[in-house]
Every structure is written in structure tokens, then in C-alpha cells.
Amino acid sequence: MTPADFEALEKKINFRHLNSKKNLDLLCHFDLKSREEFALRTKSPVIYFPDEVALVKRNEETAAMLAAPRTFDPSALNGLNIGCGDRRINPHLTPVDIMRSGDKSASGSHHAFLPDAILANPDDLPFKPESIDFIVALHMLEHVPDPVAILKHWASVLKPGGGIGLILPDYKYTWDARKDPSKFGHKWNSDADTFRMLHAAHLADDLRIEAIGTLEHRISFDVVLRKPGNFTPFSISNKTTELSGAELFANGKMITK
């Protein structure tokens with residue numbers, strides 16, 4: 001995008017209705033990188049087209065799933081998808097959210113849901129300490145006013161060696177939370193530098209950064225956190241398999257009338 005292109009586009013774009021057909025017709029002549037640069041310079045949300053949106057979502061989900069302990073298939077792990085909305089991500093993740101249906105009276109509330117989600121607040125998960133293998137949270141943590149407290153709570157339910165995979169918006173390509181009036185909207189301005197600062201000041205003893213900011217698209221960034229320690233996977237208890245029904249009966253230990 002040349003300086004002349006930028007100047008002409010800035011004059012023609014309707015910033016109050018960015019997704020209007022007129023705007024999309026203007027923006028479709030520019031490649032993705034140019035549209036991202038335009039958004040950054042005009043402090044307006046970046047516009048992606050449908051095929052790009054699908055790619056962004058796939059890349060986000062792949063990056064977040066790297067929180068799973070390595071060498072283990074998700075089918076062998078207990079993972080949570082917190083703030084799931086309608087994104088299943090992986091069939092072996094347990095969805096968790098604050099609602100299963102919409103609150104039409106609340107601006108900024110979800111528009112889509114998973115009906116089998118466990119209902120729980122993110123700062124009060126119904127799981128015992130060190131019982132969860134990994135957690136993913138896509139576009140969720142920016143909706144809480146104290147992300148540090150949330151991450152410390154999540155770390156407490158993680159097993160040693162467990163991971164947290166986060167996807168957060170980069171506010172420079174979305175919008176400024178200081179102007180967000182929605183009850184369920186953004187509560188802080190997230191970007192990779194701010195997250196590094198929060199981690200260094202408050203989280204370094206609980207979680208180490210394994211990856212950050214690897215996504216190609218600018219609208220969001222990824223973080224993979226790892227709880228220190230050696231990971232121990234689930235194993236079936238001897239109490240479950242020690243004796244067969246026949247052996248229990250022979251030993252007089254079977255429950256009978």
C-alpha cells in the first residue's frame with residue numbers, strides 16, 4: 001500500500017461501520033499485510049475475509065493445543081477448553097463456560113455456545129488441585145479484569161508439567177478496551193509485550209513461557225505456559241482392576257443381597 005493508497009483509503013473508509021459492503025469492496029484490492037498495516041496506522045480493527053478468518057482460527061487452535069504435554073495424544077489427557085463459546089477445538093477437550101445460552105439483554109455476551117459445557121467461573125473451577133493435564137483458552141482472558149489471578153488459579157489445578165495455551169487479541173489490531181462499554185467486553189489491552197511484563201512481574205514462579213507471539217496474523221497472539229515439574233499421565237487405579245467379579249465372589253467380597 002503506497003502513501004497515496006493509504007491517504008485515499010483513509011478518506012473513503014467508513015470507520016463507524018467497518019464491515020459494510022462499501023468498505024469491503026475498497027479493502028479487497030489490498031493484500032492482508034497492507035490491511036493489517038492500515039488498521040495499525042488508523043487504530044481501527046483489521047478486516048479479514050472469510051478464507052482468511054478460517055485460516056486464523058485453524059492457526060489459533062493449533063497453537064493453543066501445543067499446551068498439551070508433549071508425546072501424549074489428547075485422547076489420553078484431561079484437558080479443558082475454558083471460555084469455549086462455540087469452538088469445540090478438539091473432541092477430547094472438556095468445554096467450560098459461564099453460559100450455555102445467550103443473554104440477549106447483555107451487550108458483548110456470547111453469540112454461540114456448546115450445550116454440553118461445564119458451567120463455571122474462570123476463577124473458581126470445579127476441579128481438585130493438580131488434576132488437569134492442560135488448559136486452552138481462546139479469546140477469553142482479555143474479558144477478565146485480573147488475568148494474573150486467573151492464571152494463578154489455573155496453575156493450581158494443573159499437574160506439574162501441565163500446560164496452558166492462550167490466544168489473545170492484539171489490541172492494536174482490534175480495539176482499545178478503555179473505550180469498550182460492554183459488560184462482557186474487553187477489560188484490558190492485551191498484546192505480547194504486556195503479557196511478558198505481567199508474567200515477569202507476577203507469574204514467573206508459577207508458570208514458564210514456552211512460546212509467545214508465533215502467529216502470522218496480527219489480530220491475535222499465542223502464549224504457551226508450562227507448570228514446572230515432571231508430568232505424570234492418568235493411570236487406572238488398582239482398586240478398579242485388582243480383582244475380577246469371579247474373584248470378588250470367591251473371596252466373599254462381592255456386594256450381594
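**Exercise 1.** Find the bridge partner of Ile 212 in β7, then place both strands in the sheet.

*Solution.* Start with the bridge: Ile 212 is partnered by Val 223 of β7. Next, the strands: β6 and β7 (residues 220-226) run antiparallel and share four bridges. Strands here are DSSP runs of E, at least two residues, numbered from the N terminus; helices are runs of H or I, at least four. Two strands pair if DSSP finds at least two bridges between them. Now the whole sheet: seven strands, open, mixed pairing, order β3-β2-β1-β4-β5-β7-β6. Last, the edges: β3 (118-119) and β6 (208-212) each have a single partner strand, so one side of each lacks a neighbour in the sheet.

The model is predicted: local features need pLDDT of at least 70, side-chain atom pairs 80 or more, while totals for chains, interfaces and linings use all residues. Residues are numbered from 1 along each chain as its sequence is written, and side-chain values use heavy atoms, without hydrogens or water.

**Exercise 2.** Classify the ring pair Phe 72 and Phe 231.

*Solution.* Take the rule: rings of Phe, Tyr and Trp (its six-membered ring) pair if their centres lie within 6.5 Å; planes under 30 degrees apart are stacked, over 60 edge-to-face, the rest tilted. The count is three aromatic pairs. For Phe 72 and Phe 231, the centres are 5.2 Å apart and the planes stand at 70°, so the pair is edge-to-face. Then locate the residues: Phe 72 lies in the loop between α4 (50-64) and β1, Phe 231 in the loop between β7 and α7 (238-241). The pair links distant parts of the chain, 159 residues apart.
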